[in-house]
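Me: Hey, could you walk me through this one? I'd like a quick tour before I set anything up.

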Amino acid sequence: MATFLYKLGRLSFRRRRYVALLWVLLLGGIGYASSAAPAPPADSFSMPGTDSQKAFDLLDERFPAASAEGATARVVIRAPEGEKITDPAAKAEVSQLVAVLGKGPQVAGVADPFKANAVSKDGTTAYASVTYKVISTELTDKTHDALTDATDKTRAEGFTVETGGDAVQAEQEMGGSAELIGIAVSAVVLVITFGSLIAAGLPLLTAIIGVGIGVSGIAALGSVLNLSGTTSTLAMMIGLAVGIDYALFIVSRYRAEIAEGREPEEAAGRATGTAGSAVVFAGLTVIVALAGLSVVNIPMLTKMGLAAAATVAIAVLIALTMIPALLGFAGRRALRRKDRKNLKSADSKDSGATKDRGRTKPGAAHSTTKAENAKANLGTRWARLVLRRPVTVLLIGVLGLGAVAVPATSLELGLPDEGTSAPDTTQRKAYDLLSESFGAGFNGPLMVTVDTGGTKGAAAAAKTVGTSLAKVDGVAAVTPASVNPAGDTAIITVVPTTGPSDHKTEELVKTIRAKASGLEADTKSDVLVTGQTAMTIDFSQTLDDALLPYLGLVVGLAFLLLMLVFRSVLVPLKAALGFLLSVAAALGAVVAVFQWGWLADIVGVDQPGPIMSMMPIFMIGVVFGLAMDYEVFLVTRMREAYVHGARPAEAVVTGFKHGGRVVGAAAVIMISVFSGFIMENDDMIKMMGFGLAIAVFFDAFVVRMAIVPAVLALLGTAAWWLPRWLDKLLPDMDVEGEKLHKSLTPSSSPAAEDEHADKDGDNDEEERELEPVRG
């Protein structure tokens, strides 16, 4: 692979104008296609195979006028202090409000509270249910304004009026700038890392082009593949982060090759062949993790995962082709000004040497080695520190992450509802008014459908079912059945005594479903439980059932990929265990902030509550892919040094010497990109941004920078052990570029002699320092 990518890098360098033009034309073409494409479909949520989804599909078929999946609004009205909502004047005001609501745009119907038994026992509060013909994302501004105007008019008469439901427009806050914040911070980090505006600009430019192509492609194919607008959120988040990181690693390796005296074209080829190989496998692990979300069998997650995976694939292709092409335009200007001056000085002293494009200049690499040995960088010093105290570092890292992971033991899963909205929102006020006046269960009613299979008699069957369910513990009320015109399907509303997020409500759903089998036999009908609360319960159960298969698939495939990369069994195993530590600690931090409320004001959490059901499986997938990025980038450099003759401890130092600074910068960039999404108003995006940012921090700076070198120091040579039969079975991908190195550097060349210099020469001091931990 390294040889192929080396040739690809040199070809892209030489044909830089064509390569750059090709990507620009691709961006323009897909951008035009996205602008000309129909508007993307609205968000839809479905869970094939679940009882709640079967019931929703049945209602769409048998009650088309009821708009089962249409948006709803629940307008709660409370009479002024000391008055009753049933007083003649108040009753007239409520009736007028109902009439106005019924005339609103896109309204399918309004339930009069006095006819629907929606008045509290104390007579102070009532609610009117408004059903719309379309789902919430298809409601127009005119519809939202009509709802607001109607409630404001009644509120002006002295009534307390609050509105809940998905038809209520969320209050708009400052947001949408997440990408700009991430790019700005990334630019600063890149400038500090490279010390060159040109070098810093290359990863940003290519990442923006890659994300632009990915997001535009999603928009262009939205109507064809049924991709909603929110499908691009994860693609943008992941694509921007990995796009910058992948380009960063190749540009960094290019600068290192130039510093060793190679010509720009040769340096671009070698950088693509070595760092590019790591980019390919790192990208594959992310793609596997994201595409693996398909096994959950929730279409929304599948689409988000596949769209993000496609964007990552584009980022890999751009890093392997467009980066070498842009380096062709930049040349030595990708280096710091000081480094360019040093190269010019070295060139003038070495003017008599042969300038072979494909070979290191005699003396250049040797002088560079002496300069590097004279002053060890931070990565080298950190690696030596860890190698001197591996057990101490390992214990501190593992115990520290374990302590942060403790809150995860109290993890409560659920989906956000209006009870977790900010206290000053009308949705939360409506939720509280209903709980106070009607009981907590009114905010999460269950919808029970009775289907007689195309024959009449649903009314009688529903009456039998309703009578039976009213006797179940945990049921506060059962409303009379609504029957469709054909008489073969009925709907019963069951109001629990507990709130929608209460564990007892979940037990009630399970009890009703268990009782349904007996009722079906008695009434000769199908009985299904649905509603928002039941959908949430089914969603959580679906994710729980898919967690272990998903984890096995992703970790198994990635383990095989890492064995191909490292030619080792223990290194991939160590990588997987380190990932589990990172995820556990990240989940613990998410629970502490979003469920317990620690630092809630700083992060912007309005109301602590249960963690979204999809968060654990989502974090496992995404964080695993990103964690393997750093594992590949850091440890491949160690593997490369080990294959080229370095001892295990020396290989660790070499990996940190050349990769520690870059991996650290890449992690800071990824953290900044994800942290920008914490400012978004959407609770799901906010939690995703925080969870990914803290997970990258733990994985990059604790696991990969501390635990990994400590474990490798303790394992020594055993870290790179691979059974002979497996070594013969696995194809040699030459990720570390050993074959490429041999083909480009003959053993008799001065460069080879310098690179494989006697270990008792310039590196005596380093060898003595590392001797105690050698394997």
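Reply: Sure, here are the overall make-up, the cores and one residue in its setting. It's a predicted model, where local features need pLDDT of at least 70, side-chain atom pairs count only at pLDDT 80 or more, and totals for chains, interfaces and linings use all residues. Residues are numbered from 1 along each chain as its sequence is written, and side-chain values use heavy atoms, with hydrogens and water left out.

Me: Cool. How many helices and strands in the chain?
Reply: The chain has 28 helices and eleven strands (DSSP runs numbered from the N terminus: H or I of at least four residues for helices, E of at least two for strands).

Me: And what percentage of the residues count as buried?
Reply: 54% of the 775 residues, with buried meaning under 20% relative accessible area (1.4 Å probe, protein chains only).

Me: Which residues have the most contacts inside the largest nonpolar core?
Reply: Ile-238, Tyr-246, Leu-290, Phe-594, Met-619 and Phe-674, in a core of 163 residues. Such a core is a set of buried Ala, Val, Leu, Ile, Met, Phe, Trp, Tyr and Cys residues joined through side-chain atoms within 4.5 Å. Helix H24 (residues 683-715) gives the largest share, 19 residues.

Me: What about a second core?
Reply: That one is separate and has 23 residues, including Ile-77 and Val-107.

Me: Switching topic: is Thr-533 buried or exposed?
Reply: Thr-533 counts as buried because its relative accessibility is 5%. Thr-533 lies in helix H19 (residues 532-566).

Me: What does Thr-533 touch?
Reply: Leaving out residues up to four places away in sequence, Thr-533 touches Gly-444, Pro-445, Leu-446, Pro-500 and Thr-505, where contact means heavy atoms within 4.5 Å.

Notes:
Buried means under 20% relative accessible area, exposed over 50%, partly exposed in between (1.4 Å probe, protein chains only).
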